[in-house]
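Me: Please go through the salt bridges of this model with me, giving the reasoning behind each answer.

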Amino acid sequence: MSAERTVQMNSVLTILSDSIEKLKISLILPRLLERPCILRKVLDNTKYSHCLKLIEDYINERQDSKDETSSYLDYRLIKIIDFFHINTNILELLPGWMDELDDNDVSLLKAFKLLRWITEQRLNKSAVEELKKEKKIHEIFHENEKFKKNIEEFKHQLKSQRINLRWKLAAKESVIKSHEQNMALKKALNDQRIKEEMAKTSRSVRHIYTASVARRRELEEELRMTKVNYEKLVNDNIRQEKNARAEKNKLLLQLEALIKKFDQSIGDKMREKIVLEEEYAKQKKIFDEFMIIFREKEAEYEVAVVQKEQEEREQQEKKLAFFIMNRAARIIQRFYRKYRKAKKRLEKQLQKRGKGAARRKGKK
């Protein structure tokens with residue numbers, strides 16, 4: 001795509017985009033003029049606040065002028081429209097106003113946007129792409145012709161298949177008719193067989209009914225005998241119950257006598273218990289007094305026993321010391337006697353050696 005074509009395409013798209021923005025501001029402009037207070041809150045202290053003066057002048061002029069078709073009013077309105085068309089960015093300060101458009105305005109806006117999109121799509125396509133598209137369309141046309149030819153062939157085949165299907169249906173109908181005749185014959189035979197079975201069943205039912213009547217009579221007789229036996233058994237049970245009650249009353253009287261006897265004996269035992277408790281208290285008092293004396297004597301006895309044990313221990317120690325001293329003296333005496341004997345023996349040996357030496361010297 002050449003640079004010149006690109007510039008031209010961008011120019012066209014820019015014009016369409018500006019037109020869409022101007023259309024937006026034109027669609028909401030009547031409501032802006034109806035609600036100038038809201039517009040003042042939005043545009044006050046902004047670079048677009050100049051339009052507020054134009055709108056106020058237009059509103060004041062319209063209120064003062066009796067002729068609504070005055071050219072001066074049209075001039076002021078045109079100035080307001082030109083201002084908003086030049087400053088389309090003012091829509092950024094009015095984001096929610098586009099949501100209040102009616103259906104017709106929305107449709108018109110969508111149509112302009114669609115026009116821009118179609119234009120952009122058409123402009124983005126080059127001549128080569130158009131040729132490719134034409135070639136593709138030509139190929140699709142030939143394929144369509146082939147499909148039409150195939151459809152005609154399929155129609156011819158379908159027609160022949162329908163004829164064959166009719167013949168098959170006719171054959172099936174004949175087969176169905178023969179089957180229906182066979183079924184009618186079988187149905188008649190089955191009806192006859194059912195009637196015969198119903199007759200047999202009726203005879204069986206009558207026979208069963210007769211047998212059931214006889215069985216019912218037998219059961220009624222058994223029931224009568226059972227009732228007689230039951231009444232007899234009830235009378236026997238009543239008689240046994242009377243005897244049991246008499247025996248029970250007799251046992252109750254015996255039990256009451258035993259209870260009275262037990263109460264009397266338990267009273268005697270309680271009195272004996274009271275006497276024994278009093279005797280126990282007396283004996284316990286005597287025992288406690290005895291224990292006091294016993295503990296005193298026991299303390300004295302323990303002191304005497306300790307003294308006795310101390311004296312016996314001292315005597316034992318003395319006896320042991322005396323025994324040790326005597327034993328040591330005997331051992332010393334025994335060793336001393338052995339020492340004296342050994343000394344005497346040694347002296348004798350020395351004397352014998354001295355005499356022998358003197359003899360040897362005299363001989364020389």
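The exchange below concerns salt bridges in this predicted model.

Me: How many salt bridges does a search of the whole structure find?
Reply: The pairs discussed below, among them Glu21 with Lys24, belong to a predicted model. For the whole structure, the number of salt bridges found is eight.

Me: Is Lys24 buried or exposed?
Reply: Lys24 is three residues from Glu21 in helix α1 (residues 3-34), about one helical turn away. The two residues form a salt bridge, with their closest N and O atoms 3.7 Å apart. Glu21 is partly exposed at a relative accessible area of 27%. Because buried means under 20%, the 17% of Lys24 makes this residue buried.

Me: What is the N to O distance in the salt bridge of Arg239 and Asp236?
Reply: Both residues lie in helix α6 (residues 127-363), three residues apart, or about one turn of the helix. Arg239 counts as partly exposed at 48% relative accessibility, and Asp236 counts as partly exposed at 26%. Their side chains meet in a salt bridge with an N to O distance of 2.9 Å.

Me: Which residue forms a salt bridge with Glu241?
Reply: Glu241 lies in helix α6, and its partner is four residues away in that helix, about one turn. Glu241 counts as partly exposed at 39% relative accessibility. The partner has a relative accessible area of 51%, and is therefore exposed, the cut-off being over 50%. With the closest N and O atoms 2.8 Å apart, the residue that forms the salt bridge with Glu241 is Arg245.

Key:
Residues numbered from 1 in each chain as written. Predicted model: local features only at pLDDT ≥ 70, side-chain atom pairs only at ≥ 80, totals over all residues. Heavy atoms only, no water. Salt bridge = Lys/Arg side-chain N within 4 Å of Asp/Glu carboxyl O. Helix = DSSP H or I, 4+ residues; strand = E, 2+ residues; numbered from the N terminus. Buried < 20%, exposed > 50% of the residue type's maximum accessible area, 1.4 Å probe, protein only.
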